[in-house]
Amino acid sequence: PSLQKNLPFDPIRDFAPIARFATLPHILVVHPSMPVKSVKELIALAKAKPGQLNCASSGIATSTHLAVELFKHLTGTDMAIVPYKGGAPGVVALLGGQVQLYFATISTALPHIRAGRLRALAVTGAGRSAAAPEFPTIAEAGVPGYHHASWIGMLAPARTPRPIIAKLNGETVKILRTQDVKAFLLRDGQEPVGDSSEEFAAVIKQEIAQWINLVKVA
């Protein structure tokens with residue numbers, strides 16, 4: 001609803017949230033040729049060269065696009081956003097030096113970070129990533145209030161009986177707490193959640209309001 005005025009459904013009225021499975025924070029990476037080793041240094045460079053830094057995205061209005069729009073808004077910087085047809089082409093463009101930075105998915109970026117082909121500055125989530133705990137959050141690194149992560153969750157149709165929602169939530173949370181599932185998610189850069197249906201509903205309402213405001217600004 002932040003982007004589409006005439007959706008054929010209402011994301012709050014027409015669904016009964018069950019639980020979030022996981023969140024997917026991104027990681028801010030730059031080409032090694034960039035003369036920056038921290039978020040603060042990147043902000044300073046972007047302000048010194050307004051509009052001259054190119055940031056890849058995985059497409060218009062995708063999660064990676066919104067990640068950089070939020071960063072620009074909170075830091076007062078101006079960077080060109082270059083949309084690619086997916087996350088992998090964006091990483092290829094960054095590796096090749098066609099763009100200077102990217103808010104990549106952690107699982108995609110980590111092998112290149114470990115090999116020294118990309119430099120990581122910070123992760124986008126509310127807390128450090130279990131998959132890459134050595135990197136600070138963007139908020140920690142000097143941008144208070146920055147928090148962005150995609151999420152995967154389960155919803156049922158509205159008016160699903162409450163006992164069924166409770167049963168599905170309980171079983172989902174139980175599965176997400178098993179070591180095998182936790183390890184599987186973390187290998188892919190995902191953070192297991194397993195919240196209550198009420199908490200999940202609150203997240204949806206809060207994020208709709210957050211992104212509506214940012215989309216208007218952007």
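This is a short tour of a predicted model, going from one selection to the next.

**Stop 1: the largest core**

Start in the middle of things by selecting L28, V39, L42, F71 and F103. These residues have the most contacts inside the largest nonpolar core, which has 27 residues. Now colour the elements that give two or more residues to this core: β1 (15-30), α1 (39-48), α2 (63-75), β4 (101-105), β5 (119-123) and α7 (197-217). If you wonder about the general pattern, nonpolar side chains in soluble globular proteins tend to be buried together.

Next, pick L42 alone and show what surrounds it. Which residues does L42 touch, once those up to four places away in sequence are left out? You should find L28, M34, V36, L53, F71, L101 and L121.

There is another core to see, lying apart from the largest one. This other core has 19 residues, and L94, Y102, A120 and V123 are among them.

**Stop 2: helix α3 and its two faces**

Keep L94 in view and select helix α3, residues 87-95. Which residues of α3 are buried? They are G90, V91, A93 and L94. These buried residues cover an arc of only 160° around the axis, so they sit on the same side of α3. Turn the model to look at the face pointing away from that buried side, and you will meet the exposed residues A88 and V92.

Turn back again and ask what covers the buried residues of α3. The cover includes β1, β2 (54-57), β4 and α4 (106-114). Before leaving, step just past the end of α3 to G97, which takes a positive phi of about 80°.

**Stop 3: H31, a buried loop residue**

Now select H31, in the loop between β1 and α1. Is H31 buried or exposed? With a relative accessible area of 18%, H31 is buried, because buried means under 20%. Show the contacts of H31, leaving aside neighbours within four places in sequence: they are L94, L95, G97, V99, Q100 and R119. You have already visited L94 as one of the buried residues of α3, and G97 as the residue just after that helix.

For a sense of distance, draw a line from the C-alpha atom of H31 to that of Q4. The two residues are 27 residues apart along the chain, and these atoms are separated by 34 Å.

**Stop 4: where α2 meets α7**

Hide the loops and display α2 with α7. Two packed helices are described by the angle between their axes and the distance between the axes. Here the axes come within 10 Å and cross at roughly 70°. The two helices α2 and α7 are therefore roughly perpendicular to each other.

To see the contact itself, select L66, E69, L70 and H73 in α2, which meet Q210, W211, L214 and V217 in α7. Colour the residues of this contact by type and you will get five nonpolar, two polar and one charged.

Stay with E69 and follow the chain past α7 to A218, which is in the segment after that helix. A218 is exposed, with a relative accessible area of 60%. The C-alpha atoms of A218 and E69 are separated by 6.7 Å, while the two residues are 149 residues apart along the chain.

Go back into α7 and pick A209. At 41% relative accessibility, A209 counts as partly exposed. Measure from its C-alpha atom to that of S2, 207 residues apart along the chain, and the separation is 8.0 Å.

**Stop 5: two positive phi values in loops**

Most residues other than glycine have a negative phi. Select A61, in the loop between β2 and α2. A61 is not a glycine, yet its phi is positive, at about 70°. At 32% relative accessibility, A61 counts as partly exposed.

Your last selection is R159, in the loop between β6 (149-157) and α5 (162-176). R159 also is not a glycine and has a positive phi of about 70°. Is R159 buried or exposed? It is exposed, with a relative accessible area of 78%.

Methods: Residues are numbered from 1 along each chain as its sequence is written. Side-chain values use heavy atoms; hydrogens and water are left out. A nonpolar core is a set of buried Ala, Val, Leu, Ile, Met, Phe, Trp, Tyr and Cys residues joined through side-chain atoms within 4.5 Å. Buried means under 20% relative accessible area, exposed over 50%, partly exposed in between (1.4 Å probe, protein chains only). Helices (H or I, at least four residues) and strands (E, at least two) are DSSP runs, numbered from the N terminus. Contact means heavy atoms within 4.5 Å. The arc is that of the directions from the helix axis to the C-beta atoms. Axes are lines fitted to C-alpha atoms, for helices over the stretch in contact, and angles run from 0 to 180 degrees between N-to-C directions. Angles under 35 degrees count as roughly parallel, over 145 as roughly antiparallel, 65 to 115 as roughly perpendicular and the rest as oblique. Ala, Val, Leu, Ile, Met, Phe, Trp, Tyr, Cys and Pro count as nonpolar, Asp, Glu, Lys and Arg as charged, and the others, Gly among them, as polar.
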